[in-house]
Amino acid sequence: MNTENTRSYEQTDRNTVHRIPKRAKYDCETIHRLFDQAWFCHVGFAGEFGPTNIPMFHTRIEDQIIFHGATTSRLMKYLANGEPVCLSVAMVDGLVLARSLFHHSLNYRSAVAFGRGELIVDPEARLRAFRAIADKIMPGRWNDARQPNELESRATSICAVRIESASAKIRTGGPLDDKDDLDLNVWAGVIPIQERIQSPIDDPNSKPKVPVPDYIKAFVDSNTLQFTRSNDVRLT
Ligand SMILES: Cc1cc2nc3c(=O)[nH]c(=O)nc-3n(C[C@H](O)[C@H](O)[C@H](O)COP(=O)(O)OP(=O)(O)OC[C@H]3O[C@@H](n4cnc5c(N)ncnc54)[C@H](O)[C@@H]3O)c2cc1C
């Protein structure tokens, strides 16, 4: 039960998937992978004007989801105050077209996590978080681009949400039509959707002409493959 590969989030009233529970997963490996695959997550919180949901770039260190933003940002202040939040990520892998409109669906991978915000103040932990943020945007970038100076660092809050409870829900496969509809003269199937990393485009404002570094070329190649693999849509 103690390694990352076998650990699961405890199933409680808060995170148990009721609707189509066979699509649910609670193991840390799956949930962490979904947070890693998503470029951003929605942060849901009880704002001063009612329930509020804000999209934010994030990265992950172990079971902590890391956010950074202006110290003046409402959301960063909220996270820094230790308030409860609900984080969600979702990726769409296909349009599922059934013979009946009732059974139209999406293939997706999604995760929902609950926890509380926490301001990271320890300089070493902040540095680790800054590196993890840079690494998520582009592995290798931290050692290449100019690192944050004192002023930039002071203007930036870094907050973490330790995942207390979480669930994943994944739909794959083809349409699930009613038996009686299978004879209808209507096309049915899946239209796969893939997120694709494309070739880098040079900034025209660059004064020295810098060639695209090898770590970026490697990222472009490997991520095209990663997304292709993760969007494996099977008609079952
Ligand atoms: C891109 C996308 C589009 C969707 N579109 C629709 C739609 O149009 N209509 C529809 O009915 N459903 C849709 N779903 C499924 C939807 O997210 C819910 O699972 C479903 O509506 C049941 O909601 P509920 O609150 O009744 O779930 P419950 O099963 O009662 O939720 C209980 C707990 O289960 C977990 N949970 C629920 N849903 C998810 C999830 N998607 N991912 C991870 N954990 C979850 C959470 O921890 C939640 O607190 C979609 C899902 C995705 C990812």
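Where is Ser 206 found in this chain? Ser 206 sits in the loop that runs between strand β10, residues 189-192, and helix α5, residues 214-230. Before I go further, please keep in mind that what we have in front of us is a predicted model. Ser 206 counts as exposed, because it has 8 C-beta neighbours inside 10 Å, and the cut-off for that label is 12 or fewer. Ser 206 and Arg 196 are 10 residues apart in sequence, while their C-alpha atoms are 25 Å apart in space.

Let me now step back to the whole chain. There are 5 helices and 10 strands in it, and its C-alpha atoms fill a box of roughly 70 × 50 × 40 Å when that box is taken along the principal axes. Of the 236 residues, 20% count as buried. If we take the contacts with a separation of 6 or more, 72% of them are accounted for by residues that stand 24 or more positions apart in the chain.

I would like to look at two of the helices, beginning with α1, which covers residues 28-37. The buried residues there are Cys 28, Ile 31, His 32, Leu 34 and Phe 35. Seen down the axis of α1, these buried residues fall within an arc of 155°, so they line one face of the helix. What do the buried residues of α1 pack against? Their partners are strands β2 (40-47), β4, β5, β6, β7 and β9.

The other helix is α3, which has 15 residues, numbered 123-137. At 1.5 Å a residue it should span 21 Å, and its end C-alpha atoms are indeed 21 Å apart, so the expectation and the model agree. In α3 the buried residues are Ala 129, Phe 130 and Ile 133. They cover an arc of only 100° around the axis, and therefore they lie on the same side of α3. These buried residues pack against β4 (59-61), β5 (64-70) and β8 (156-162).

That brings us to the interior. In soluble globular proteins, nonpolar side chains tend to be buried together. Here, the largest nonpolar core has 32 residues, and those with the most contacts inside it are Ile 31, Phe 35, Ile 65, Leu 79, Ala 111 and Ala 113. Ile 31 and Phe 35 were also among the buried residues of α1 that I listed a moment ago. As for Leu 79, once we leave aside its neighbours within four places in sequence, it is in contact with Phe 67, Val 85, Gly 117, Cys 159 and Val 161.

Gly 115, in strand β7, shares some of that company. Not counting residues up to four places away in sequence, Gly 115 touches Val 85, Val 161, Arg 162, Ile 163 and Glu 164. Why does Gly 115 count as buried? The reason is that it has 20 C-beta neighbours inside 10 Å, and 20 or more is what the label requires. Gly 115 and Gly 174 are 59 residues apart along the chain, and their C-alpha atoms are separated by 34 Å.

Strand β7 also matters when we turn to the ligand, which is surrounded by 15 residues, the closest being His 18, Arg 19, Ser 110, Val 112 and Lys 169. The elements that give two or more residues to this shell are β6 (84-97), β7 (105-119) and β9 (165-171), and β7 gives the most, with 5 residues. By character, the shell divides into 8 nonpolar, 5 polar and 2 charged residues.

Staying with β9, we find Arg 171 in that strand. Arg 171 is partly exposed, because it has 17 other C-beta atoms within 10 Å. If we again set aside residues up to four places away in sequence, Arg 171 touches Arg 23, Ser 105, Leu 106, Asn 107 and Tyr 108.

I will finish with two residues whose backbone angles deserve a second look. Most residues other than glycine have a negative phi. Ile 20, however, has a positive phi of about 55° although it is not a glycine, and it is found in the segment before β1 (24-25). Glu 62 likewise has a positive phi, near 50°, and its place is the loop between β4 and β5. Are these residues buried or exposed? Ile 20 counts as exposed because it has 9 C-beta neighbours inside 10 Å, and Glu 62, with 10 such neighbours, counts as exposed too.

Definitions and conventions. Residues numbered from 1 in each chain as written. Predicted model: local features only at pLDDT ≥ 70, side-chain atom pairs only at ≥ 80, totals over all residues. Helix = DSSP H or I, 4+ residues; strand = E, 2+ residues; numbered from the N terminus. Expected span 1.5 Å × (residues − 1). Arc of directions from axis to C-beta. Contact = placed C-beta atoms within 7 Å. Near = placed C-beta within 6 Å. Nonpolar A, V, L, I, M, F, W, Y, C, P; charged D, E, K, R; others polar. Core = buried A, V, L, I, M, F, W, Y, C linked by C-beta atoms within 7 Å.
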